[in-house]
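This report describes one small sheet, the helix packed on it, and one acidic residue between them. Please look at the structure before reading on.

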Amino acid sequence: MSVRVIVREAVVSDSPADLALLDDGERARAERKRQAAPFVTGHALVRRVLGELLERDPASLVFERRCTTCDSAKHGKPSLVEAPGWHFSLSYTPDVAVVAVAQGAGVGVDVEDLTDADFEGFAGATLSRDETPGFGGLAGHDLLVARAQVWARKEAVLKATGHGLVVDPSEVLVSGPLEVPALIDWRADAPRPAAISIADVALAAGDHRAAVAALTAQSLDVVVGPSAG
């Protein structure tokens, strides 16, 4: 048995068709962004993928938010009002948006641009001391790929649980970049998820790395569809 996770990606663009799919609240949030295009592309992609799966008009879908930490409805992980059994997650960079959808299990997705992993303090900001040996011997492009992949795994886990960056990524230990994706240890004060599975995702955007995580003990059957945009 496995949990099916559907993944779609889209190239970020200034598309009037994307903006037309969003509701008033999403448009208002987009206007407050310094760069609106990634937000608009990503949220339109969420609507298109869910609309396709549920055979509904993407523009008619209604979402609500709930914070795992404080229970506020003003922020937190979004969910689909009409179909609570379906779970989704969105991540985007200035160039690429990625959506993951699963039925019956909370899901998280994260995408990272390789260049964003190119900074001196990466290990201190994202890794525990126990994780740093896994990067030994890596340099140049290989090191950036390894950093971005491990970073994506950590963020995918925290999006699946709904904690986001309330939990320090260095307290979420995942397998090394050359190992099968897995949660190794949970050192945060927040409750550890009862079960979670992780999978790396191959994207069309070769200068990015992505991962998905789902709240299940079963393996993940990741189905990467054609890119959009």
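The text below covers the sheet, then the helix, then the acidic residue. The model is predicted.

**The sheet**

An open sheet is built from 3 strands in the order 6-10-9, with antiparallel pairing. Strand 6 (107–113) and strand 9 (197–201) are the edge strands; each has a single partner strand, so one side of each has no neighbour in the sheet. From one strand to the next, the twist averages 20 degrees. In general, strands of a sheet pair through backbone hydrogen bonds, in a parallel or antiparallel manner.

Strand 9 and strand 10 (residues 208–214) are joined by 5 bridges in the antiparallel sense. The two strands make a hairpin, with 6 residues between them. Two pairs of opposite residues show how strand 9 and strand 10 are aligned:

| Residue | Residue opposite, in strand 10 |
|---|---|
| Ser 197 | Ala 214 |
| Val 201 | Ala 210 |

Is strand 9 largely enclosed or left open by the rest of the structure? Strand 9 is largely enclosed, because 4 of its 5 residues are buried.

**The helix across the sheet**

Helix 5 (residues 140–161) lies across strand 6, strand 9 and strand 10, and runs at about 150 degrees to strand 6. The helix has 22 residues. From first C-alpha to last, helix 5 reaches 32 Å, close to the 32 Å expected at 1.5 Å a residue. Most of helix 5 is covered, with 18 of its 22 residues buried. Just after the helix comes Gly 162, which takes a positive phi of about 90 degrees.

**An acidic residue in strand 6**

Asp 110 lies in strand 6. Its relative accessibility is 4%, and because buried means under 20%, Asp 110 counts as buried.

Which side chain makes a polar contact with the side chain of Asp 110? The partner is Lys 159, at 3.5 Å. Lys 159 also appears among the residues in contact with Asp 110 once neighbours within four places in sequence are set aside. The others are Ser 91, Trp 151, Ala 152, Glu 155, Ala 156, Arg 209, Ala 210 and Ala 211.

Ala 210 links this site to the hairpin: Ala 210 is in contact with Asp 110, and in strand 10 Ala 210 stands opposite Val 201.

Notes. Residues are numbered from 1 along each chain as its sequence is written. This is a predicted model: local features need pLDDT of at least 70, side-chain atom pairs count only at pLDDT 80 or more; totals for chains, interfaces and linings use all residues. Side-chain values use heavy atoms; hydrogens and water are left out. Two strands pair if DSSP finds at least two bridges between them. Axes are lines fitted to C-alpha atoms, for helices over the stretch in contact, and angles run from 0 to 180 degrees between N-to-C directions. Contact means heavy atoms within 4.5 Å. The expected span of a helix is 1.5 Å times one less than its number of residues. Buried means under 20% relative accessible area, exposed over 50%, partly exposed in between (1.4 Å probe, protein chains only). A polar contact is a pair of N or O atoms within 3.5 Å; within protein, one must be able to donate a hydrogen and the other to accept it, and residues adjacent in sequence count only if both atoms are side-chain atoms.
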